[in-house]
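Student: I'm new to this one. Could you take me through some of the labels people put on it?

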Amino acid sequence: MKKSSSYLFHCLALLLMLSFLRCANVVSPTGGNKDTVPPIVLYSTPQNQATNFSDKEIHITFDEYVTLNNPNKNILISPPLENNPEYKLSGKSLIIKFKESLKPDATYSINFGEAIKDLHEGNVFKDYSFVLSTGENIDTLTLQGKVLQAFDHKPSADFFVMLYTNDNDSVKIDSLPYLSKPYYITKTDKDGNFKFSGLKNDEYLLFALKDGNSNLKFDLPNEDIAFIDSLVSPIDNLQFTINNEQLTIDNDSIVSYTLYSFLEEDSIQRLLKKEVPEEGVLRFVFRYPAKDVKIEILETLPDTFAVFPTHSMNYDTITWYFSPNKDSLSLTINYDTLINDTTVMSLKVRKTNNRRNKKEETVKSLNVATNVSGGKLSPEQSLILSFKEPVTDVMLRDTSWYITGKDTIINDLHFEKVDTFGLRYKLDKTFKPENSYKIIIPDSVFYSFKGLTNDTTEISFKVPATSEYGNLFVTVEMPQNVPQIIVELLDERDKLVRRQIIKKTSKVDFKYLAPKKYKLKALVDRDGNGRWSPGDFSKKQLPEEVYFHKDDFDIKANWDIDLEEVWKF
């Protein structure tokens with residue numbers, strides 16, 4: 001029987017298709033979406049939350065191949081071990097081999113932090129925790145909180161947070177951070193948060209440390225610390241008692257401790273620096289105010305050599321201005337029994353190739369600086385002249401000019417000394433808003449200790465209208481048994497704008513503020529030294545409290561913010 005033409009056509013088409021398939025390139029299928037899922041634990045030996053553990057190894061098997069990222073740094077075992085375990089990967093399993101016997105009847109928590117990642121995409125299995133007990137039961141109590149920097153409340157990241165138990169008859173619990181490793185340990189995250197789990201029902205010393213030498217002991221002077229000044233207790237879910245004023249309860253009704261970190265001050269008075277920073281200036285810098293320091297010259301001085309001693313406001317820096325006509329000076333520095341320094345100091349400035357230094361060497365006149373900023377003085381602000389060395393004589397002449405608007409007054413400038421040493425002088429004038437001013441001071445009016453005098457100086461500025469500024473008013477309540485509060489106004493970058501010290505409940509005003517955003521900060525100055533003081537662990541002395549107002553303030557032109565609510569601490 002004859003085949004139809006249709007049948008022959010289909011056979012030919014099939015032969016052509018088979019030929020094409022034999023010649024075509026094989027193309028791999030597309031990969032699909034990128035894997036973003038971290039590894040998953042399939043099983044472990046022993047199981048997580050196991051009891052009566054007595055082996056030397058833990059095997060944890062994942063659903064994919066993994067890598068370890070610096071395990072000795074990122075994996076925390078609590079209670080800490082004397083020797084780091086051995087971490088080994090075999091296939092899809094992680095093997096942890098202990099090099100020492102574990103404590104009897106103890107719950108161990110192994111927190112892997114960011115140590116475990118999948119092999120191909122690097123997805124982190126973050127904060128995986130493995131818990132086991134060498135006894136009959138798993139301890140289940142928890143304790144959590146955060147560590148913040150005491151001075152600015154920024155997070156204290158990567159701090160070791162430690163718990164010590166009071167079970168040692170020979171060593172006081174307060175001495176344990178200096179001498180031994182903690183009983184429990186964890187670490188703060190980037191936000192300063194920490195959490196302990198698997199704790200026994202006991203009282204603990206809570207201590208945090210920025211460990212400088214990785215030995216889990218507070219044994220270096222440059223290690224930041226934080227602590228609670230009373231013993232703390234862990235909780236079991238919501239069963240807790242609030243018995244410490246530093247406890248807070250968050251929205252989830254979980255007890256949380258807040259620790260404030262600081263670097264302890266060296267309590268010993270020291271001479272930090274003695275130098276000749278520029279020609280004719282000798283500077284002595286001390287760690288603390290040194291009002292009773294004695295600096296004496298041990299040689300007979302020529303008549304042409306003179307010294308003009310000055311000091312900083314709190315006496316921590318002593319500055320001598322001297323006639324630069326001597327190469328060296330023999331002197332002694334004494335402070336109580338702490339400092340006894342006899343030295344011969346070179347009075348020459350170190351030579352550099354800096355163009356600025358070369359320029360300064362040619363200056364033979366007294367430079368005059370002012371507090372005019374951007375050609376403006378704010379309302380109620382005085383004009384202040386500043387000098388690099390003490391001014392010992394002011395000789396005004398009838399060639400001085402005081403120009404306000406279109407009015408010019410000759411010989412009507414009067415200056416008064418602002419500080420004791422003549423480094424700053426104030427012009428005895430009141431400037432009105434919405435006016436422009438020009439001051440012309442002739443040459444040879446101000447004479448410095450070393451005989452320099454000023455060149456002719458012109459100072460031009462305007463005082464803007466008060467409507468270009470805003471004002472902020474806040475009433476601050478003084479806590480009991482506190483000598484003073486330091487109230488600071490900060491800008492958005494936490495730069496100090498102004499500060500006021502109050503000694504009683506007061507309304508603090510910050511007037512004529514440039515329009516922008518500000519913050520309020522208060523330092524509880526318990527020792528009354530006019531600055532923030534850190535704590536001292538050996539004395540159980542916490543750092544002085546620092547508070548930030550809950551609101552930021554957007555100051556606008558011609559607008560007052562007067563807070564009705566009293567700021568309490």
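**Rings, burial and a sheet**

Tutor: Sure! Keep in mind that this is a predicted model. Searching the whole structure turns up 28 aromatic pairs.

Student: What makes phenylalanine 62 and phenylalanine 125 an edge-to-face pair?

Tutor: Their centres are 6.3 Å apart, and the cut-off for pairing is within 6.5 Å. The planes stand at 90°, and over 60 degrees counts as edge-to-face. So the label fits.

Student: Where do these two sit in the chain?

Tutor: Phenylalanine 62 is in strand E2, while phenylalanine 125 is in the loop between strand E8 and strand E9, 63 residues apart.

Student: Why is the pair of phenylalanine 125 and tyrosine 128 called stacked?

Tutor: Here the centres are 4.8 Å apart and the planes are at 15°. Stacked needs planes under 30 degrees apart, so this pair is stacked.

Student: How do you know whether phenylalanine 125 is buried or exposed?

Tutor: Buried means under 20% relative accessible area. Phenylalanine 125 has 17%, so it counts as buried. Tyrosine 128, at 10%, is buried too.

Student: What makes lysine 521 a charge over the ring of phenylalanine 151?

Tutor: Its charged end is 3.4 Å from the ring centre, and the distance limit is within 6 Å. Lysine 429 also lies over a ring face, that of tyrosine 402, at 4.4 Å from the centre.

Student: And the open sheet with the order E18-E19-E22-E21: which are its edge strands, and why?

Tutor: Strand E18 and strand E21, as each pairs on one side only. Further in, 5 bridges join strand E19 to strand E22; two strands pair with at least two bridges, so these two qualify.

Conventions: Residues numbered from 1 in each chain as written. Predicted model: local features only at pLDDT ≥ 70, side-chain atom pairs only at ≥ 80, totals over all residues. Heavy atoms only, no water. Helix = DSSP H or I, 4+ residues; strand = E, 2+ residues; numbered from the N terminus. Phe/Tyr/Trp six-rings, centres within 6.5 Å; stacked < 30°, edge-to-face > 60°. Buried < 20%, exposed > 50% of the residue type's maximum accessible area, 1.4 Å probe, protein only. Lys NZ or Arg CZ within 6 Å of the ring centre and 35° of its normal.
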